[in-house]
Amino acid sequence: MPLDADIPVKEIERYMGYRGDAGAEQDVFETIVKAVEQVKTQSHPRIISREYPITVSGNDIIIHADTEDTTLSSESLRRNLEGCCGAILLAATIGPACDMLVRRAEVRSMAEASVYQATGAAAIESFLDNENNKLRKQYEAEGYCLRPRFSPGYGDLSLDCQKDWFRLLDITKNIGIELTDSLLMVPTKSVTAIIGIGYDKDKITETGCAACNNRASCLFSKERTRK
């Protein structure tokens, strides 16, 4: 089914490097509108998620899966998950259509291709935001609160941890995402993430870009793009 999520133009512009109140020029804006329509109608989003008990010990997060314990080492993830009793591991994709649209646009113009790249990035995040909200409501109804999602390669959590996600969730079999030798996912507009499950909302002190060790230098940080 097509992508049933809004893709904010401002987010696309942010991925394209626009800063502050500066928006895209009229011709670029028109290309963005066209890209949004095509990405929404041609995408086929899929998601898989599983809940696991976790233990946080120092900067080690131990995921207690059915057949094994998997350890993730990260100070920034530890801050995100401190006080949690469990976590949701998930993987999601909007499918291969956006990659195809980017390749077609590259034949015409690299500038146009960059619009489709940015639109795809905003699309998968928008899809995940919607899924996140569904999970949040579900868990809040049971008395829990969810932490912000956190992905391999974010902060000091090694991208090599992608392998753990693919093994534990059997991602390729379940939703068709493949992991390359260089740890990139295909389709490219795909995301893996962990979401902590806790009780105390007061422990959620850092969210989004504020929780990342690279926020000061990241070109796509929401904090930087507001300036």
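This is a short tour of a predicted model, one selection at a time.

**Stop 1: the whole chain**

Start with everything shown as a cartoon. You should be able to pick out eight helices and eight strands in the chain. The chain has 227 residues, and 44% of them count as buried. Now think about who touches whom: take the contacts between residues at least 6 apart in sequence, and 72% of those join residues at least 24 apart.

Next, colour by pLDDT. The chain averages 90, and 88% of its residues reach 70 or more. Then select residues 211–221, where pLDDT stays under 50. The model gives this stretch 26 contacts beyond four places in sequence. Residues 223–227 are also below 50, with 17 contacts beyond near neighbours in sequence. Keep that colouring in mind when you look at either stretch.

**Stop 2: helix α6 and its tryptophan**

Select helix α6, residues 162–169. How many of its eight residues are buried? Six of them are, so the helix is mostly covered. The buried ones are Gln-162, Asp-164, Trp-165, Phe-166, Leu-168 and Leu-169.

Zoom in on Trp-165, which sits in this helix. Its relative accessibility is 0%, so it counts as buried. Show what is around it, leaving out residues up to four places away in sequence, and you'll find a crowd of contacts. Among them are Leu-72, Leu-89, Leu-90, Pro-152 and Leu-157, and also Thr-192, Ala-193 and Ile-194. Try a distance label too: the C-alpha atoms of Trp-165 and Leu-90 are 7.8 Å apart, although 75 residues separate the two along the chain.

**Stop 3: just past the helix**

Step on to Asp-170, which follows α6. This residue is in the loop between α6 and α7 (171–175), and Trp-165 touches it as well. Is Asp-170 buried, exposed or partly exposed? At 34% relative accessibility, it counts as partly exposed. Check its backbone angles while you are there: phi is positive, about 50°, although Asp-170 is not a glycine.

**Stop 4: two loops with unusual angles to look at**

Move along to Leu-183, in the loop between β6 (178–179) and β7. Here is another residue other than glycine with a positive phi, this time near 70°. Leu-183 is buried, with 15% relative accessible area.

Now select Val-186 and Pro-187 together. What kind of peptide bond joins them? It is a cis bond, with omega about 0°. Pro-187 belongs to the loop between β7 (185–186) and β8 (190–198).

**Stop 5: helix α5**

Select residues 110–140 to light up helix α5. Two of its residues are worth showing as sticks.

Pick Leu-135, which is part of this helix. Leu-135 is buried, with a relative accessible area of 14%. Setting aside neighbours within four places in sequence, its contacts are Ile-88, Leu-146 and Ile-195. Put a distance label from Leu-135 to Ile-195: the C-alpha atoms are 9.8 Å apart, across 60 residues of chain.

Then show Asn-132, also in α5. Asn-132 is buried too, at 16% relative accessible area. Beyond residues up to four places away in sequence, Asn-132 touches Arg-149 and Ile-195. Ile-195 also turned up among the contacts of Leu-135.

**Stop 6: the cysteines**

Show the cysteines and look for bonds between their sulfurs. How many disulfides does the structure hold? Zero. A disulfide is a covalent bond between the sulfur atoms of two cysteines. Take Cys-84 as a worked case: the closest cysteine sulfur is in Cys-85, and at 6.9 Å it is too far for a bond. The cut-off here is 2.5 Å. Cys-84 is buried, with 11% relative accessible area, and Cys-98 is buried at 1%.

**Stop 7: the second largest pocket**

Finish with a surface view. Select Met-1, Pro-2, Asp-4, Pro-45, Phe-127, Asn-130, Glu-131 and Lys-134, the residues lining the second largest pocket. Its volume is about 150 Å³. Colour the lining by class and you'll see four nonpolar, one polar and three charged residues.

Technical notes. Residues numbered from 1 in each chain as written. Predicted model: local features only at pLDDT ≥ 70, side-chain atom pairs only at ≥ 80, totals over all residues. Heavy atoms only, no water. Buried < 20%, exposed > 50% of the residue type's maximum accessible area, 1.4 Å probe, protein only. Helix = DSSP H or I, 4+ residues; strand = E, 2+ residues; numbered from the N terminus. 1 Å grid on protein atoms, 1.4 Å probe; cavity = no way out; pocket = protein on both sides within 12 Å on 5 of 7 lines; lining within 4 Å. Points joined across faces, edges and corners; volume = space filled by probe spheres on them. Nonpolar A, V, L, I, M, F, W, Y, C, P; charged D, E, K, R; others polar. pLDDT = per-residue confidence, 0-100. Contact = heavy atoms within 4.5 Å.
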